[in-house]
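Thanks for making the time. I will go through one structure this morning, from its loops to its cores and its empty spaces.

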Amino acid sequence: MTAKKRLSLCMIVRDEEKWIGRCLASVKDAVDEMIVVDTGSTDRTADICRSFGASVHPFPWNGSFADARNESLKHATGDWILWLDADEEADALSAARLRDVLEWQEDSLGFVQLVNYYGASPPESNRSFLLAHHRLFRNGIGFRFGNTIHEQLNVVEVLGDVPRMCLLPVSVYHYGYMDAVTADKNKFDRNLALLLKEKEQPDCSPWVDYHIASEYYRIADYRQSFEYVNKSIVQFLNRSQMPPSLLYKLKYSVLFALNSHEGAWPGIESAIKLYPDYVDLHFYKGVILFRKEKYSEALEAFKQCLELGESNLRHLTLKGLGSFQAWYYIGRCLEKSSDISNALQAYRETRALDPAHKEAAEALAAIEDAAT
């Protein structure tokens, strides 16, 4: 008789009593064992984990998230491993589909739809970033985590090439980018210190400068963010590697935050040539053209956003840029072109997709007031 295949959850935690119960509850029926490595909790985290049947393994914090994650792998007995963070949870209606990987014969990496919420509580689906992220991998074939912070799997080292994206019909919700969490200055100081230390290592990854840029972006230090994201892009190019798409997303997000649409033009065209299927870049192009008062060209860019939509999870995609935000700017382009009736319809489309869209509501009210 063939032994039943097993799925192991592997996590690292420290003082996560606020989140950990929700996380474990979301996957406890989908996994066969739960391995939790605790790097020094002083709250109820370990007790909560044990109450869900998890095995808790103390691991003295040594400044490396990768080392802690790799410690969790040592205790896993499953054929496949699922890894999550404490401030995440799997969608209740689809979590059982995580077990689909146990039937796979060839692929060794499983992706889920990661939904990164941002903004104020409560989390809202229209305020999120979407991305396909590999959260399941076959155990015992050499997968390990690297980097002291923002740790990554050694995918190419194990598989020899970038694998095809085997996307499971499962969503994982991440709450760590919401306002209440990102406002924690201590977290920024900790992350930056770890990243700067890693940057001192010989031949450090270009990803380090990207993550430094992201940390500065979250605290609205846009000039520092711009400096480091450009360093990251240059490092990838110096290694004869194409800079990943999310570097360009961050670069143009920074320029927008600095109101530097002139600085973003015409470079955005080069980024689009590299990633023509990335809706966020087309949206930024449309906004640049709108600010340059080239309304007909901007209109075409936003229509292209609607055609691309938001289902291409290979890229980190801001919810709305292929739907309600594109419709809102279509309305603005049409209004600037004196096509008021179609502008009204565009604003209504915006509100249908995002009832809380304040700017579209104001635009509708202004047009209706002007008509009376």
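I will start with a definition: helices, which are H or I runs of at least four residues, and strands, which are E runs of at least two, are DSSP runs numbered from the N terminus. What you are looking at is a predicted model.

With that naming, take serine 260, which sits in the loop between H9 and H10. Serine 260 is partly exposed, at a relative accessible area of 24%. Its C-alpha atom is separated by 47 Å from that of tryptophan 80, and the two residues are 180 apart along the chain.

Glycine 263 belongs to the loop between H9 and H10 as well. Here the relative accessible area is 51%, and glycine 263 counts as exposed, because the cut-off for exposed is over 50%. From the C-alpha atom of glycine 263 to that of isoleucine 288 the separation is 9.8 Å, with the two positions 25 residues apart in chain numbering.

Proline 266 is also in this loop, which runs between helix H9 (245–257) and helix H10 (267–274). What kind of peptide bond joins tryptophan 265 and proline 266? The bond is cis, with omega about 5°. Serine 121 and proline 122 are likewise joined by a cis peptide bond, and there omega is about 0°. Proline 122 is placed in the loop between strand S6 (109–119) and strand S7 (128–138).

Staying with backbone geometry, I have two residues with positive phi. Aspartate 15 is not a glycine, yet its phi is positive, at about 50°. You will find aspartate 15 in the loop between strand S1 (7–13) and helix H1 (20–27). Aspartate 15 is partly exposed, and its relative accessible area is 36%. The other is glutamate 293, also not a glycine, with a positive phi of about 65°. Glutamate 293 lies in the loop from helix H11 (279–291) to helix H12 (295–308). Glutamate 293 is exposed, with 59% relative accessible area.

Now back to H1, the helix that follows the loop of aspartate 15. Is H1 largely enclosed or largely open? H1 is largely enclosed by the rest of the structure, because 6 of its 8 residues are buried. The buried ones are Ile20, Gly21, Cys23, Leu24, Ser26 and Val27. As background, an α-helix has 3.6 residues a turn, so residues three or four places apart point the same way. As for partners, the buried residues of H1 pack against two helix or strand neighbours I have yet to place, helix H2 (45–51) and strand S2 (33–38), among others. The list also includes S1, strand S4 (80–83) and strand S5 (88–90).

On to the nonpolar cores. The largest has 66 residues, and the ones with the most contacts inside it are Leu247, Tyr252, Leu281, Phe283 and Phe302. Another core lies apart from it, with 58 residues, including Leu7, Cys10, Val27 and Leu114. Val27 is also one of the buried residues of H1.

Which residues does phenylalanine 302 touch, leaving out those up to four places away in sequence? They are Phe283, Gly286, Val287, Ala326, Tyr329, Ile330 and Cys333.

Next, cysteines. The structure holds 0 disulfides. For cysteine 49, the nearest cysteine sulfur belongs to cysteine 23 and is 8.8 Å away, so no disulfide forms there by the 2.5 Å cut-off. Cysteine 49 is buried, at 0% relative accessibility. Cysteine 166 is buried too, at 10% relative accessibility.

Last, empty space. Rolling a probe the size of a water molecule over the atoms shows where empty space is left. How many cavities of 30 Å³ or more are there? The count is 1. The largest cavity holds about 40 Å³ of space. Its lining consists of Asp277, Tyr278, Val279, Leu308, Gly309, Glu310, Asn312, His315 and Thr317. By type, that lining has 3 nonpolar, 4 polar and 2 charged residues.

There is also the second largest pocket, with about 220 Å³ of space. Asn147, Gln152, Asp203, Ser205, Pro206, Trp207, Phe236, Arg239 and Gln241 form its lining. That lining divides into 3 nonpolar, 4 polar and 2 charged residues.

That is where I will stop.

Terms used: Residues are numbered from 1 along each chain as its sequence is written. This is a predicted model: local features need pLDDT of at least 70, side-chain atom pairs count only at pLDDT 80 or more; totals for chains, interfaces and linings use all residues. Side-chain values use heavy atoms; hydrogens and water are left out. A nonpolar core is a set of buried Ala, Val, Leu, Ile, Met, Phe, Trp, Tyr and Cys residues joined through side-chain atoms within 4.5 Å. Buried means under 20% relative accessible area, exposed over 50%, partly exposed in between (1.4 Å probe, protein chains only). Contact means heavy atoms within 4.5 Å. On a 1 Å grid over the protein atoms alone, a cavity is a set of points where a 1.4 Å probe fits but cannot get out, and a pocket is an open set with protein on both sides within 12 Å along at least five of seven lines; lining residues have an atom within 4 Å of a point. Grid points are joined across faces, edges and corners, and a volume is the space filled by probe spheres set on the points. Ala, Val, Leu, Ile, Met, Phe, Trp, Tyr, Cys and Pro count as nonpolar, Asp, Glu, Lys and Arg as charged, and the others, Gly among them, as polar.
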